[in-house]
Amino acid sequence: MPRSDGAQRDHGVESSRTLQDAVDPCVPLSSETVYTGRIWNVVTESFAFPHSDAPLVRDFIDHTGAVSIVVLDDQQRVLLQRQYRHPVGMRLWEIPAGLLDVAGEPALDAAKRELAEEADLAAETWHVLTDFFNTPGYSSEAQRVFLARGLHKVPDHERHVRTDEEADMESAWVPLDEAVGLVLSGRLHNPSAVVGILAAQAASATGFAGLRPADAPWDEHPRLRP
């Protein structure tokens, strides 16, 4: 049977309108970087938790964060790019994305840079589509997904030379509703593509009204909190 409003209030939530993730970090009692990598580090921290008699100890990946972009053209097609991902041994269809690895670079500027580098495109209209944590149980990686529209090509002389796994990327323009079908049928697995495509489909129902501006605050990102 459906839960009553009273049952919801018993758990401290009066309605779905009040639901929101809260920034409420436990202050570390100790913190040690146990592995230093090229992109991210592994950290061991202990912290006091209200419901535990002894400090808890957790290992996690300390990650700089990332941005990704749902790119929609005038025909409501989304840009997908196939790239090899060695940890899973697969070539995944993804949306353009990249790390927040330039010191002091705003997330929007990083997204514009990645769109130009990976797709040779620039966009006139930008919005925040959604934010998410990739794997909050063991990584601090926060990701912001942008919606980019009003596209034009980057001039040839300004284009980025792609290397490594990006050197042989393939591209495809897929109608948004078909891309949703690819997600729901289990044919797409990249998290930013899954989240971004489903969020774009939901937002399209209102003509993308109500999306946040492209420079909206991102205080939930562990490295961007006030």
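This is a chat about the fold, packing and salt bridges of a predicted model.

User: Quick overview first: how many helices and strands does the chain have?
Analyst: Four helices and 11 strands. This is a predicted model, so keep that in mind throughout. The C-alpha trace spans about 60 × 50 × 35 Å along its principal axes.

User: And what share of the residues is buried?
Analyst: Buried residues account for 34% of the 226 in the chain. The accessible surface comes to about 13,800 Å², and 51% of that belongs to carbon and sulfur atoms.

User: Of the contacts between residues at least 6 apart in sequence, how many join residues at least 24 apart?
Analyst: 59% of them.

User: OK, zoom in on helix 3. Which residues are buried there?
Analyst: Helix 3 covers residues 176–184, and its buried residues are Leu176, Ala179, Val180, Leu182 and Val183. They sit on the same side of the helix, because they cover an arc of only 155 degrees around the axis.

User: Which exposed residues are on the face turned away from that side?
Analyst: Asp177 and Leu184.

User: What do the buried ones pack against?
Analyst: Strand 5 (77–85), strand 10 (170–175) and helix 4 (191–204). Just after helix 3 you'll also find glycine 186, with a positive phi of about 80 degrees.

User: Now the cores. Which residues have the most contacts inside the largest nonpolar one?
Analyst: Val70, Leu80, Leu129, Leu147 and Ile197, in a core of 23 residues. Strand 5, strand 8 (121–133), strand 9 (142–153), helix 3 and helix 4 each supply at least two residues of this core. A second, separate core has 21 residues, including Val67, Leu115, Leu121 and Ala214.

User: What is leucine 80 in contact with, leaving aside its neighbours within four places in sequence?
Analyst: Quite a list: Trp93, Glu94, Ile95, Glu170, Ser171, Ala172, Val174, Leu182, Leu188 and Ile197. Leu182 is one of the buried residues of helix 3 we just went through.

User: I see Glu170 in that list. What does glutamate 170 form a salt bridge with?
Analyst: With arginine 82, and the closest N and O atoms are 2.5 Å apart. The pair links distant parts of the chain, since glutamate 170 is in strand 10 and arginine 82 is in strand 5, 88 residues apart.

User: Are those two buried, exposed or partly exposed?
Analyst: Glutamate 170 is partly exposed because its relative accessible area is 36%. Arginine 82 also counts as partly exposed, at 27%.

User: How many salt bridges does the structure hold?
Analyst: It holds 10 salt bridges. Arginine 113 takes part in one with aspartate 101, at 3.7 Å between the closest N and O atoms. That pair joins helix 2 (residues 107–119), where arginine 113 lies, to the loop between strand 7 (97–99) and helix 2, where aspartate 101 lies, 12 residues apart. The side chain of arginine 113 also meets that of glutamate 105 in a salt bridge, 2.8 Å from N to O.

User: Which residues end up joined in one network there?
Analyst: Asp101, Glu105, Arg113, Glu114 and Glu117, through salt bridges that share partners.

User: While we're in helix 2, is alanine 107 buried or exposed?
Analyst: Buried, because its relative accessible area is 16%, below the 20% cut-off. Leaving aside neighbours within four places in sequence, alanine 107 is in contact with Val67, Leu100, Phe146 and Trp218. Its C-alpha atom is 9.8 Å from that of alanine 216, which is 109 residues away along the chain.

User: New topic: which residues have a positive phi without being glycine?
Analyst: Two to look at are aspartate 120, with phi near 60 degrees, and phenylalanine 208, at about 65 degrees. For context, most residues other than glycine have a negative phi.

User: Where are they found?
Analyst: Aspartate 120 is in the loop between helix 2 and strand 8, and phenylalanine 208 is in the loop between helix 4 and strand 11 (212–213). Aspartate 120 is buried at 10% relative accessible area, and phenylalanine 208 is buried at 9%.

User: Last one: which residues form the nonpolar patch on the surface?
Analyst: Val34, Tyr35, Ile39 and Trp40, with about 390 Å² of accessible area together. Tyrosine 35 is in strand 1 (residues 28–36) and is partly exposed, with a relative accessible area of 44%.

Terms used: Residues numbered from 1 in each chain as written. Predicted model: local features only at pLDDT ≥ 70, side-chain atom pairs only at ≥ 80, totals over all residues. Heavy atoms only, no water. Buried < 20%, exposed > 50% of the residue type's maximum accessible area, 1.4 Å probe, protein only. Arc of directions from axis to C-beta. Contact = heavy atoms within 4.5 Å. Salt bridge = Lys/Arg side-chain N within 4 Å of Asp/Glu carboxyl O. Patch = residues over 30% accessible without salt bridge, like charges linked within 9 Å, V, L, I, M, F, W, Y side chains within 5 Å. Areas by Shrake-Rupley, 256 points an atom, 1.4 Å probe, with all protein chains shown as cover. Core = buried A, V, L, I, M, F, W, Y, C linked by side-chain atoms within 4.5 Å.
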